[in-house]
Amino acid sequence: MDIENGSQEGCSVIAGLTISGLTLTRGERTLFRGLDLGLTAGDAIALTGANGAGKTSLLRAIAGFLRPESGTVAFSDADANAIEASEARAHEVHMLGHLDGLKGGRVAREELMFQSQWLGRSHDGIDDAIEILRLKPLLDLEVRKLSAGQRRRLALARLIGSPRALWLLDEPLSPLDSGWREVVGAMMARHLAAGGLIVAAVHDPLPIPTRGFDLGARS
Amino acid sequence: MSAVGVLFRRELALAWGGGGGPLLACGFFACLTTVVPLAAGGDPAVLKPVAAGIAWLALALSSLLSLERLFERDLEDGALDLLATGPVPLEVVFAVKALSQWLATGLPLALTAPIAALALGQSIELAPLTAVSALVGGLGFAFTGALGAALALGARRGGLLIAVVVLPLFIPPVVFGSGALDRAAAGISPMSALALLAAYVLFAVVIAPPAGAAAIRSAQG
């Protein structure tokens, strides 16, 4: 998987993510204050912390869904030029939360095609995704008939089906058994080797070398 | 195929299928227009003058039916996050969803409306005008309705909230639409009322997407 070639026109590939002085609040509660975090191409960060410490909120803030109380999230390309955040999020960011966006009543193949095409498919990314995640036997089933693990594999397929540099993953491994965890680990390793970036909120360690970042206890 | 095309195809498939599609809207519409003669008495002299008004009221109510699932389901299953990280702005996503809502309920309703109006005693010459005005008005219903659905996102019992927010906004098209039919029935040109209806629809089509996109963003935060 070559991110340089697969990337879409109109937006340069993200090669750096810089979070500085980020303060996030949910309602009355301050999740964290003045958080600094930096990633460059090939970096993977494993966010840890107690339930409610703000892992998901941090991912959603990077994806642009949550407006921070203060601080900034900045994206840059390989030459360290800034990329406008809205552009980066529209073309270069994958957000995969515990809600996967799959429609229960639709056939798996339709959903896979939609998710990958909507986010910008690569030439043969979808075939790769079907092969790596062994989705072929699932493609003609309705999404609601899939098990939690199968459903997660289908959702993960869009990471390969549509090449985007920054992966924001919320508990990506939770419904998967150990065999599939290794497959997803290999996917991540390939992505990093191709210059991608990963921020993942996890409870169990990821099967790849990562930098840990602990958000601590529930504030 | 472009991202917008891909999204449009999916939204149309979701709006057509999966329960509460065009059949439900048209069935509800037919029920409403059947109940009125039963409640008000079947005297053609009573029904004929109000046929246009009843048809438009039923159109407005039938357009409310599937609004609740327009954004709520996407919020619940995470699809809204996926749509928000796509290559086109949320305003365009909103417009695509409203347009598919129009094609999946407004269009079938516009085809059903002349039949129902006919059954209420409206003269057959008015059938084409009934269909055209219902089609144009339906576009306005779809965009203002989608705005109401976006505003009600995340609220408990959102469906009821949508009806309360949206029905007052449906008053102008109901007035202009049934007014056009009344004028035509009286032998006056309906163009002035149709122009007002079209003006309302244009206004809705322009205003609803940015407002709806803002509502969706705040529901995601």
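Visitor: What radius of gyration would a compact globule of 219 residues have, and what does chain A have?

Guide: The radius of gyration is taken over C-alpha atoms, and the globule rule is 2.2 Å times the number of residues to the power 0.38. For 219 residues a compact globule would have a value near 17 Å; chain A has 17 Å, so the two agree. Along its principal axes, the C-alpha trace of chain A spans about 45 × 35 × 30 Å.

Visitor: What kind of model is this, and how are its parts labelled?

Guide: It is a predicted model, in which local features need pLDDT of at least 70 and side-chain atom pairs count only at pLDDT 80 or more, while totals for chains, interfaces and linings use all residues. Residues are numbered from 1 along each chain as its sequence is written, and chains are lettered from A and ligands numbered from 1 in the order in which they are written.

Visitor: What is the predictor's confidence in chain A, and where does pLDDT stay under 50?

Guide: The term pLDDT denotes the predictor's confidence in each residue, from 0 to 100. Its mean for chain A is 89, and 94% of the residues of chain A reach 70 or more. Over residues 1-8 of chain A it stays under 50.

Visitor: What makes a residue buried, and how many residues of each chain count as such?

Guide: A residue is buried if 20 or more other C-beta atoms lie within 10 Å of its own, exposed if 12 or fewer, and partly exposed in between, with C-beta atoms placed from the backbone. Buried residues make up 45% of the 219 residues in chain A; of the 221 residues of chain B, 50% count as buried.

Visitor: Which secondary structure elements does each chain have?

Guide: Helices (H or I, at least four residues) and strands (E, at least two) are DSSP runs, numbered from the N terminus. Chain A has seven helices and nine strands, whereas chain B has 10 helices and zero strands. The radius of gyration of chain B is 18 Å, close to the 17 Å that the globule rule gives for 221 residues, so chain B is as compact as a globular protein of that length.

Visitor: Why is the arrangement β2-β1-β4-β5 in chain A called an open sheet, and which are its edge strands?

Guide: Two strands pair if DSSP finds at least two bridges between them. The four strands pair in the antiparallel sense in that order, and the edge strands, β2 (29-40) and β5 (82-83) of chain A, each pair on one side only.

Visitor: How many bridges join the strands of this sheet?

Guide: Strand β1 (residues 16-26) of chain A pairs with β2(A) over eight bridges, one partner pair being A:T18 and A:G38. Six bridges join β1(A) to β4(A), where A:I19 stands opposite A:V73. Two bridges join β4(A) to β5(A); because two strands need at least two bridges to pair, β4(A) and β5(A) count as paired. They form a hairpin with five residues between them, and A:A80 in the turn has a positive phi of about 65°.

Visitor: What makes two residues a contact, and how many residues does each chain give where chains A and B touch?

Guide: Two residues are in contact if their C-beta atoms, placed from the backbone, lie within 7 Å. Chain B gives 18 residues and chain A gives 22 residues. On the side of chain B, α1(B) gives the most, with five residues.
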